[in-house]
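The following exercises treat secondary structure, sheet topology, helix packing and interfaces. Each task is followed by a solution in steps.

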Amino acid sequence: MNKINLQECSQLALETGRIILQSGGATNRVELMMRKVCEGFGYDDCESFVTPTGIFFSLSDGEANITTRIKRIENRRIDLGKITQVSQLVNCLQDAKCPIMTHTQSRSKEFLKELQRIDGESPYPMWVTNLCGGATSGFFCLLFGGSWIEFLIAFFIGIIISASLKYISRLPVNNFLLNAIASALIVLLAKTIDTWVPYIRLDNIIIGGIMILVPGLALTNAIRDTMSGDLVSGTARGVEAIIITIAIVAGSGTMLKLWALLGY
Amino acid sequence: MFGRPFDLLTLMQFAWAFLAIIGFSLRSNLKGWRVLFTGLGGGICWAAYLIILYFSKSMLLSVFLAIIIVCIYSEVVARLMATPVSVFVMCVIIPLVPGRSLYYSMLFYINGSSGQASRYIFDTLMISGTIAMAIAIVASATSLFLRIRHRF
């Protein structure tokens with residue numbers, strides 16, 4: 001095995017960790033993957049401490065040389081596809097015959113190139129994700145007992161919410177405000193449509209819209225992190241889930257109350 | 001065809017949950033055949049909840065058992081498809097996440113009936129806690145099982 005530089009190896013491990021953490025992976029998954037990358041390149045002695053907002057990473061070559069790096073993680077967004085691909089790539093390092101890596105050139109260069117390809121890969125086009133947001137909202141509306149007209153309205157609202165979430169998240173607003181604005185928008189749209197279309201029940205439509213925003217991912221990660229012993233990130237993610245919930249309730253509640261004050 | 005819990009209504013509910021979760025996982029940028037399997041998991045989650053609810057008449061027990069079933073499903077399928085388990089678990093529990101009781105607690109609170117509101121808030125907290133318990137149990141049991149199998 002041709003050994004690579006200490007600096008280079010820590011660079012690769014940190015890049016792997018950054019992509020997984022930014023796409024919403026669990027903390028101990030990030031630590032495991034970084035360890036696997038180091039072992040794959042021949043350095044067994046590595047320590048890492050990962051929180052949802054940063055990675056502390058230290059790598060030693062067993063002698064006098066130690067390199068330590070810190071990486072701050074900003075703008076996280078859920079991307080399950082990237083987590084899957086990076087995990088597959090890292091598992092490839094131990095496997096001699098793997099379809100992803102061709103072994104034509106130096107392994108570290110190829111690994112880095114593959115990481116950059118995954119990181120730069122564009123997600124689905126915007127109309128697909130918007131349509132999927134609409135489908136999620138609409139079918140949840142049906143699931144909780146909505147009729148077909150309510151399904152259509154929830155579908156429409158889901159599309160608008162997905163699109164506007166993208167646009168609002170480009171502005172410098174934080175996660176709390178983003179969710180509050182989106183849930184207020186759901187209630188506003190539903191109430192507006194309610195004034196024109198007779199005989200619909202708003203409950204199912206609004207619940208369908210809210211299910212897009214509900215922090216199921218943060219909840220799952222919080223539990224899994226806590227169970228694997230990462231108390232710091234478990235707590236942090238639990239608080240994130242609670243804050244998103246409060247934002248949803250606050251946004252939709254405010255809009256409902258405002259609408260009631262207007263007197264419709 | 002069959003008795004009450006295994007009829008067309010449950011099948012339709014299964015289909016709605018299936019389609020909703022497919023939409024959800026596509027929206028979080030999951031690719032390939034996995035999307036179909038997360039959708040299937042979501043459908044199983046909701047159908048198991050409905051069926052167990054019919055027999056046991058207890059909401060928390062049905063949430064608990066449905067999440068356990070679906071977590072075991074995702075531990076198995078995720079290993080078959082070479083995907084991190086948490087990716088699957090994240091998507092399949094979504095139908096049972098208490099968005100509905102959250103909304104009703106807010107609605108009743110705004111309408112001024114705090115009694116009903118606190119009942120729904122309590123529901124929300126209990127359901128989230130139950131989901132957390134079930135996920136934690138399956139995750140620890142799996143790691144225990146794998147360690148034992150590794151040793152022998």
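**Exercise 1. Describe how helix α1 of chain A is placed relative to strands β1, β2 and β3 of chain A.**

Solution. Step 1: helix α1 (residues 6-22) of chain A lies across β1, β2 and β3 of chain A. Step 2: its direction is about 155 degrees to β2(A), where axes are lines fitted to C-alpha atoms, for helices over the stretch in contact, and angles run from 0 to 180 degrees between N-to-C directions. Helices (H or I, at least four residues) and strands (E, at least two) are DSSP runs, numbered from the N terminus.

A note on conventions: the model is predicted, local features need pLDDT of at least 70, side-chain atom pairs count only at pLDDT 80 or more, and totals for chains, interfaces and linings use all residues. Residues are numbered from 1 along each chain as its sequence is written, while chains are lettered from A and ligands numbered from 1 in the order in which they are written.

**Exercise 2. Determine the strand order of the sheet in chain A and identify the strands at its edges.**

Solution. Step 1: the three strands form an open sheet in the order β1-β2-β3 (chain A), and their pairing is antiparallel; two strands pair if DSSP finds at least two bridges between them. Step 2: β1 (45-51) and β3 (66-72) of chain A are the edge strands, each with a single partner strand, so one side of each has no neighbour in the sheet. Step 3: from one strand to the next, the twist averages 10 degrees.

**Exercise 3. Establish the register between β2 and β3 of chain A and examine their hairpin.**

Solution. Step 1: strand β2 (residues 54-60) of chain A runs antiparallel to β3(A) and is joined to it by seven bridges. Step 2: Gly54(A) has Arg72(A) as its bridge partner in β3(A), and Phe56(A) has Ile70(A). Step 3: the hairpin of β2(A) and β3(A) has five residues between the strands, and in it Gly62(A) adopts a positive phi near 85 degrees.

**Exercise 4. Characterise the packing of helices α6 and α7 of chain A.**

Solution. Step 1: two packed helices are described by the angle between their axes and the distance between the axes. Step 2: for α6 (residues 148-170) and α7 (residues 175-196) of chain A, the angle is about 150 degrees and the axes are 10 Å apart. Step 3: α6(A) is therefore roughly antiparallel to α7(A), given that angles under 35 degrees count as roughly parallel, over 145 as roughly antiparallel, 65 to 115 as roughly perpendicular and the rest as oblique. Step 4: the crossing of α6(A) and α7(A) is right-handed; a crossing is left-handed if the near helix is turned anticlockwise from the far one by less than a right angle, and right-handed if clockwise. Step 5: residues making the contact include Ile157(A), Ile161(A) and Ser164(A) of α6(A), together with Leu178(A), Leu185(A) and Leu189(A) of α7(A). Two residues are in contact if their C-beta atoms, placed from the backbone, lie within 7 Å. Step 6: by class, the contact of α6(A) with α7(A) comprises 14 nonpolar, two polar and no charged residues. Here Ala, Val, Leu, Ile, Met, Phe, Trp, Tyr, Cys and Pro count as nonpolar, Asp, Glu, Lys and Arg as charged, and the others, Gly among them, as polar.

**Exercise 5. Analyse the interface of chain A with chain B.**

Solution. Step 1: 43 residues of chain A are in contact with 38 residues of chain B. Step 2: on the side of chain A that touches chain B, α5(A) gives the most, with 10 residues. Step 3: this side of chain A has 25 nonpolar, 14 polar and four charged residues.

Step 4: one helix pair across the chains is α8(A) and α5 (residues 99-111) of chain B, which pack at about 120 degrees with their axes 9 Å apart. Step 5: that angle makes α8(A) oblique to α5(B), and the crossing is right-handed. Step 6: the contact is made by Ile206(A), Ile207(A), Ile210(A) and Met211(A) of α8(A) and by Gly99(B), Arg100(B) and Tyr103(B) of α5(B). Step 7: its classes are five nonpolar, one polar and one charged.
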